[in-house]
Amino acid sequence: MKRNAAINDEARWQAVLDRDLAADGQFVFAVLTTGIYCRPSCRARHALRQNVHFYPNVSAAEAAGFRACKRCQPDKADPQQQRIDKVAQACRLLEQERTLTLDELAREVAVSPYHFHRLFKSVTGMTPRAWQQAWRAKMLRDALKESPTVTEAVLAAGFPGSSSFYRHADNTLGMTASQFRRGGDDLRVRYTLQPCLLGRCLVAASTRGICAVLPGDNDETLIAELELMFPHAQREEADDGFRQQVAQVIALLDGQRATVSLPLDIRGTAFQQSVWQALRDIPAGETRSYQQVADSIGKPKAVRAVANACAANKLALIVPCHRVVRQSGALSGYRWGEARKVALLRREAGQER
């Protein structure tokens, strides 16, 4: 027993030396010379090993007469959880009719505006303004389906008035409110079909920007997939000018590491958009697990929802969902076929051209 305890304490001490975040919550350590107990990850200067005792939890350390460190605050919630809670509080404040300024939001959660903006974006993948716009877009879509008039729907969605809504209607819905109520029946979608190293590729654009990048085996299947995405839209083949524009997209599909400067029409819920932004932050040649993506957006339990957001992606490679793999590193499913996923990852890793 004593030998096992010594081994365990040795491992605990190494975690303290490493300031291991993963060890937080498993134990605390107390310093005899200061009378203070800390988290393993505490950034304070290390004490001498002979002056350190370990305790299984906060209660045990306090029962032994030690007080909590003011720097790492081991008696409070995990720092990462505290940050997530602040962002969650801000999200609730944003989900209301009145538009709050960055200063007002930061004051409500007791963080400076600069740090709050960085914190909010690091957790959600979106700015506070983008979050509120996405929330209002969802509310508006729901309200337009139920309200008898556009004006009533606009007010129910939290817009202060019709003039405010119409200034942002295109960004909010991707079409006018009247188009949305009619099911997008007069939405115009142009598309072109071109060859690429992955087979065939359909690239489509709405008036807002590129709205679909779909690799596939044959044109008929790709056109059918586009019809399912935009069932009520006016679909038409694009002219030569558009085909020249999408050369950037084809270059990306062909592994030339091109950047796409064309405007994008990325539609999704606030959660989906936060996932897609996290995917776009993954460098070429690297992969992340679904769990890592969930952690990066501050929702560690939303692994399945992250997988669903990847599956809902309509912009192949521009939103690189192929860079997400299982926790073990094994490949998972890919909307456009596992063989394409393997080819893309091998190409980005420099294993083939």
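These questions and answers cover a four-stranded sheet, two cysteines and one arginine in a predicted model.

The model is predicted, so local features need pLDDT of at least 70, side-chain atom pairs count only at pLDDT 80 or more, and totals for chains, interfaces and linings use all residues. Residues are numbered from 1 along each chain as its sequence is written, and side-chain values use heavy atoms, without hydrogens and water.

Student: Which strands stand at the edges of the open sheet of four strands?

Tutor: Strands are DSSP runs of E, at least two residues, numbered from the N terminus; helices are runs of H or I, at least four residues. Two strands pair if DSSP finds at least two bridges between them. The order is E7-E6-E5-E8, with mixed pairing. One side of each edge strand lacks a neighbour in the sheet, because each has a single partner strand: these are E7 (210-216) and E8 (234-237).

Student: Which residue in E8 stands opposite Arg190?

Tutor: Strand E5 covers residues 188-196 and pairs with E8 in the parallel sense, over four bridges. Opposite Arg190 stands Glu236.

Student: At what angle does helix H10 run to E7?

Tutor: Axes are lines fitted to C-alpha atoms, for helices over the stretch in contact (heavy atoms within 4.5 Å). Angles run from 0 to 180 degrees between N-to-C directions. Helix H10 (residues 219-229) lies across E5, E6 (199-205), E7 and E8, and its angle to E7 is about 145°.

Student: How many disulfides does the structure hold?

Tutor: A disulfide is counted when two cysteine sulfur atoms lie within 2.5 Å. For Cys69, the nearest cysteine sulfur is that of Cys72, 3.9 Å away. The sulfur of Cys321 is 5.9 Å from the closest one, in Cys310, too far for a bond. The number of disulfides is zero.

Student: Is Cys321 buried or exposed?

Tutor: Buried means under 20% relative accessible area, exposed over 50%, partly exposed in between (1.4 Å probe, protein chains only). Cys69, at 9%, counts as buried. Cys321 has a relative accessible area of 6%, so Cys321 is buried.

Student: Which residue's side chain does Arg335 join by a polar contact of 3.3 Å?

Tutor: Arg335 is in the loop between strand E10 (324-325) and helix H16 (338-348). Its contacts beyond four places in sequence include Met229 and Ala311. A polar contact is a pair of N or O atoms within 3.5 Å; within protein, one must be able to donate a hydrogen and the other to accept it, and residues adjacent in sequence count only if both atoms are side-chain atoms. At 3.3 Å, the partner side chain is that of Glu225.
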